[in-house]
Amino acid sequence: MKFKTKWEINPDENLIILTGKNDIADNDYTDDKEKEYLESMAAKDKKMVSINQYNRRLIFVIGNTKGKKWEKHEKLRKAGSSVYDLLKRLDIKNISIINKLKTEEERLAFTEGLALSAYKFDKYISDKKRKKYNLKTVSLEQASSNEIKYLESIVFPVFFARDLVNEPVSYLDSPTLARELKKMAKKAGLKVKVLDKKAIEKEGMGGILAVNQASPVPPTFTILEWKPEEYSNKKPIVLVGKGLVYDTGGLSLKPTQNSMDEMKCDMAGAATVAGAIFAAAKAELPLHIITLIPSTDNRPGGNAYAPGDIITMHDGSTVEVLNTDAEGRLILADALSYAKRYKPELVIDAATLTGAAAMILGHHGIVNMGNAPDKVFAKMEKSGLNTYERLVRMPFWDEFGEMMKSDIADQKNLGGRIAGAITAGKFLEKFTDAPYIHLDIAGPAFITSKESYLGKGGTGYGIRMLLDFLKNY
Ligand code: BES
Ligand code: ZN
Ligand code: ZN
């Protein structure tokens, strides 16, 4: 898919016209009969009207005038998704979008929804007929290069992240994840470094090594850096993502149905923060950003780490392992500790960390928490609304940290029966000394039935929110 600016509309082009309800007939593309029809449909409160002319299709989309800005934008994204379904049915591959709504932002929201709906993961489908349709060009009449750049900086990183999440572990093991990240980094102009198992051992990353112990495949630790010539933050912002390419639970084995069968998605946090730094580079944000991605799978086996084990982490502290399925926090902890060397201004991690977070919001939002200043959380919440990748903040009380204390080690990796998402966050907090925000994306990262422009499977949830947050940082 390509985004283009269109300076002149040809008479035989397929058009999407974003319009108000009252001026729907006020256009150069329809005759009197058609205008009458448009007005009658608008009067019936139709939100989308399609007209089949001899040589082209016109699709009118009526924007909302009422509601908050973010509500209007989300409605337009969803309308974009419905229009995509129509284009697919009609086999229309090239389309130009004309904006008669009040703001350019409204067209961008619509186009974002349309474009994000065009994602497909069909590389394993052999029947050519099933993968025939492709939306090729989306042209925006009179768009500025910034608007095109905005769309490209959102859509391609989200597609990249969705591909990573949708790839099964039979393809995407840790070394392959590192390779894919490297490829992306080269394309996006990021600096990249991959620590292999030897380097991870040398660093003393005991959490990653314990989780990796029974794996036939070595772990990786990928470092991506965006450092443009000019940037406004004195110290870097560090993003950390859980890159668990497959989570069986280890010896604390997960049941298969509705649990292990989706666990190729357990590297979605990695996909989100890699997508976010990719997006930041595409948007050429004037910020210094570093992304850290610890990666392994988690398997049972003769060598597997076991409940009862005590491991020494990268920061030298010890952890009593009480459940090998609480592995995400172990690999993230090492990455958070590694991040200290950058003296970051802010650390944000994203992880499919707990089923408890998924139980709170389902796929409707991100559970976040941390010790960063309230004003940073407020900014992030706003970005959540702007992009409709919403956040709900949990309390981060010390009592929840107390629940992670071990009698025989510094911490244990399992809290009690309550507040599982928060105790996991409090565990992680111990490994960082910078202002910290933890994003538990276990709910929205992967969905099992199609949901508008999020699609089905990997969603790339959080990338648009993080890009908006970084832009306004
Ligand atoms: N990867 C899972 C969490 C998860 C659950 C992600 C559902 C996506 C959807 C994580 O490693 C895990 O297994 N967490 C355990 C922790 C528990 C043992 C403390 C959980 O949530 O059950
Ligand atoms: Zn687990
Ligand atoms: Zn996991």
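**Figure 1. The shell around ligand 1 comprises five nonpolar, four polar and seven charged residues.** Here Ala, Val, Leu, Ile, Met, Phe, Trp, Tyr, Cys and Pro count as nonpolar, Asp, Glu, Lys and Arg as charged, and the others, Gly among them, as polar. The model is predicted: local features need pLDDT of at least 70, side-chain atom pairs count only at pLDDT 80 or more, and totals for chains, interfaces and linings use all residues. Residues are numbered from 1 along each chain as its sequence is written, chains are lettered from A and ligands numbered from 1 in the order in which they are written, and side-chain values use heavy atoms, without hydrogens and water. Ligand 1 is surrounded by 16 residues (a heavy atom within 4 Å). The closest are K254, D266, D325, E327 and G355.

**Figure 2. Side chains and backbone make polar contacts with ligand 1 (pairs of N or O atoms within 3.5 Å).** The side chain of D247 places an N or O atom 2.9 Å from an oxygen atom of ligand 1. For K242, a polar side-chain atom lies 3.2 Å from an oxygen atom of the ligand. L353 contributes a backbone N or O atom, at 3.4 Å from a nitrogen atom of ligand 1. Of the 520 Å² that ligand 1 exposes when taken alone, the protein buries 78% (Shrake-Rupley method, 1.4 Å probe).

**Figure 3. The zinc ion (ligand 2) is bound by D247, D325 and E327.** Its protein donors (N, O or S atoms within 2.8 Å of the zinc; water is not among the atoms, so sites may look incomplete) are D247 (OD), D325 (O), D325 (OD) and E327 (OE), at 2.0 to 2.2 Å. Along the chain, these residues follow the spacing D-x77-D-x1-E. The arrangement is irregular because the six donor atoms subtend angles of 71 to 168°.

**Figure 4. D247 bridges the zinc ion (ligand 3) and the zinc ion (ligand 2), which lie 3.2 Å apart.** The protein donors of ligand 3 are K242 (NZ), D247 (OD), D266 (OD) and E327 (OE), 2.0 to 2.4 Å from the ion. Their sequence spacing is K-x4-D-x18-D-x60-E. Six donor atoms subtend angles of 77 to 174°, which makes this arrangement octahedral. Six donors count as octahedral if opposite donors are over 155 degrees apart and all others between 65 and 115; six donors arranged otherwise are irregular.

Note on methods. A polar contact is a pair of N or O atoms within 3.5 Å; within protein, one must be able to donate a hydrogen and the other to accept it, and residues adjacent in sequence count only if both atoms are side-chain atoms. Four donors count as tetrahedral if all angles lie between 85 and 135 degrees; four count as square planar and six as octahedral if opposite donors are over 155 degrees apart and all others between 65 and 115; anything else is irregular.
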